[in-house]
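Student: Please take me through this model one part at a time, and give the cut-offs behind each term as it comes up.

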There are 2 protein chains.
Amino acid sequence: MKDTKQKPKLTPQREAVYQVIQERDDHPTASDIFEAARRRLPSISYATVYNSLRYLKEAGLVLEISFGDSASRYDRETHRHDHAICNDCGKLVDFDLPDTTKLMQAAARKSHFKPQSVHLTLRGYCPDCVAGNRH
Amino acid sequence: MKDTKQKPKLTPQREAVYQVIQERDDHPTASDIFEAARRRLPSISYATVYNSLRYLKEAGLVLEISFGDSASRYDRETHRHDHAICNDCGKLVDFDLPDTTKLMQAAARKSHFKPQSVHLTLRGYCPDCVAGNRH
DNA sequence: CCGCGGATTTAGAATTAGTCTAAATCCACT
DNA sequence: AGTGGATTTAGACTAATTCTAAATCCGCGG
């Protein structure tokens, strides 16, 4: 029988999207990514950016994060980590809390869920906003 | 001078929206709430539901929560608490992890933010899905 | 070569959540 | 009765994302 292995997978479009995310240290939205990807690959379409993002997400190459503020953001950091969001200017930063296993177990005990991951979100004020800088 | 105190505030529409949320122990979306509110107050409009939700949120009477899955959800539980989400069926449950002050301080230290609140999200599998129940 | 099929890309239409607008209504107070 | 601020309504509008259908790409068998 035919072992019809389809392999291509990492197409130029997907690669462009991936690179855009890799070279940014912030958390771009799909539309930020579309803008930037179009600079490398002028013919790329919005739908392809979404398709590529879905593909990259499923492949574990990028992480999607979403909070109340409308659009999803994408993060090149794929290991478990946490987020802080500024209540004033909306800035989003990554940080990493160690020892989350115990935390996860505590959460599992309380919720009766079989745990898989925990993620914590700090809301507060970023250093710039605390210092009273204009945004 | 006119001390034009406007006080009404808790209009029948807002109250209907509030009651809908209070009597549910799950986390309805705006459109769930609209459906239910219309049963009490057939003339209520979608926009009023959103206005009421904003009002109730600002008054601290309900909590808005939003995760990746499209629409915001509303929670009658307004004190600080955490959420568990089932990766299989999507169920969302509240739980409350004690001693979050230390956690918040640790997060603040790592992120350099001035902390205001922390919220944790457990991803895993709910008891039903673990038991292999069909949804 | 040639072309078929599966996967991908494209452009634009469609859908969904949520906001905005302008006109009508409500209501406390004069 | 009348004015003004707040609220409600219906529907238009916007933004984010998904869907659709046609075009393209690509490896493989004939």
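Tutor: Copies are superposed by least squares on the C-alpha atoms of residues with pLDDT of at least 70 in both. This is a predicted model, in which local features need pLDDT of at least 70 and side-chain atom pairs count only at pLDDT 80 or more, while totals for chains, interfaces and linings use all residues. Residues are numbered from 1 along each chain as its sequence is written, with chains lettered from A and ligands numbered from 1 in the order in which they are written.

Student: When chain A is laid on chain B, what kind of axis relates them?

Tutor: Two copies of a chain are related by a rotation about an axis and a shift along it. Here a turn of 179° with a shift of 0.0 Å along the axis lays chain A on chain B with an RMSD of 0.2 Å. That is therefore the relation of a two-fold axis.

Student: Which residue of chain A has its C-alpha nearest the axis?

Tutor: Given that superposition of chain A on chain B, by a turn of 179°, one can look for the C-alpha in chain A that lies nearest the axis. That atom is 2.2 Å from the axis, and it belongs to L120(A).

Student: Which element gives the largest share of the side of chain A that touches chain B?

Tutor: The contact (C-beta atoms, placed from the backbone, within 7 Å) takes 36 residues from chain A and 36 residues from chain B. β3 (82–86), β4 (92–95), α4 (100–111), β5 (114–125) and α5 (127–130) of chain A each supply at least two residues of that side, where helices (H or I, at least four residues) and strands (E, at least two) are DSSP runs numbered from the N terminus. The largest share, twelve residues, comes from β5(A).

Student: By class, how many charged residues has the side of chain A that touches chain B?

Tutor: Ala, Val, Leu, Ile, Met, Phe, Trp, Tyr, Cys and Pro count as nonpolar, Asp, Glu, Lys and Arg as charged, and the others, Gly among them, as polar. On the side of chain A that touches chain B, 19 residues are nonpolar and eleven are polar, while the charged residues number six.

Student: How much of the interface of chain A is also interface in chain B?

Tutor: The contact draws 36 residues from chain A and 36 residues from chain B. The copies meet through the same surface, because the part of the interface residues of chain A that are also interface residues in chain B is 100%.

Student: Which element supplies the largest share of the surface near DNA strand C?

Tutor: Around DNA strand C there are 23 residues (near means a C-beta atom, placed from the backbone, within 6 Å), of which T11(A), Q13(A), T48(A), A47(B) and S72(B) come nearest. The elements that each supply at least two residues are α1 (12–22) and α3 of chain A together with α2 and α3 of chain B. By class the surface holds nine nonpolar, twelve polar and two charged residues. Its largest share, four residues, comes from α3(A).

Student: And which element gives the most to the surface near DNA strand D?

Tutor: DNA strand D is surrounded by 23 residues, the closest being A47(A), S72(A), T11(B), Q13(B) and T48(B). At least two residues each come from α2 (30–40) and α3 (46–58) of chain A and from α1 (12–22) and α3 of chain B. The surface divides into eight nonpolar, 13 polar and two charged residues. With four residues, the element that gives the most is α3(B).

Student: How many charged residues are in the contact of α1(A) with α3(A)?

Tutor: These helices pack at an angle of about 75° with axes 9 Å apart, and α1(A) and α3(A) are therefore roughly perpendicular (65 to 115 degrees). Axes are lines fitted to C-alpha atoms, for helices over the stretch in contact, and angles run from 0 to 180 degrees between N-to-C directions. The contact joins Q13(A), R14(A), V17(A) and Y18(A) of α1(A) to T48(A), V49(A), S52(A), L53(A), Y55(A) and L56(A) of α3(A). Six of these residues are nonpolar and three are polar, and the charged count is one.

Student: How many nonpolar residues are in the contact of α2(A) with α3(A)?

Tutor: With axes 10 Å apart and an angle of about 115°, α2(A) and α3(A) are therefore roughly perpendicular to each other. A30(A), I33(A), F34(A) and A37(A) of α2(A) meet Y46(A), V49(A), Y50(A) and L53(A) of α3(A). None of the contact residues is polar or charged, and the nonpolar ones number eight.

Note on methods: Two residues are in contact if their C-beta atoms, placed from the backbone, lie within 7 Å. Angles under 35 degrees count as roughly parallel, over 145 as roughly antiparallel, 65 to 115 as roughly perpendicular and the rest as oblique.
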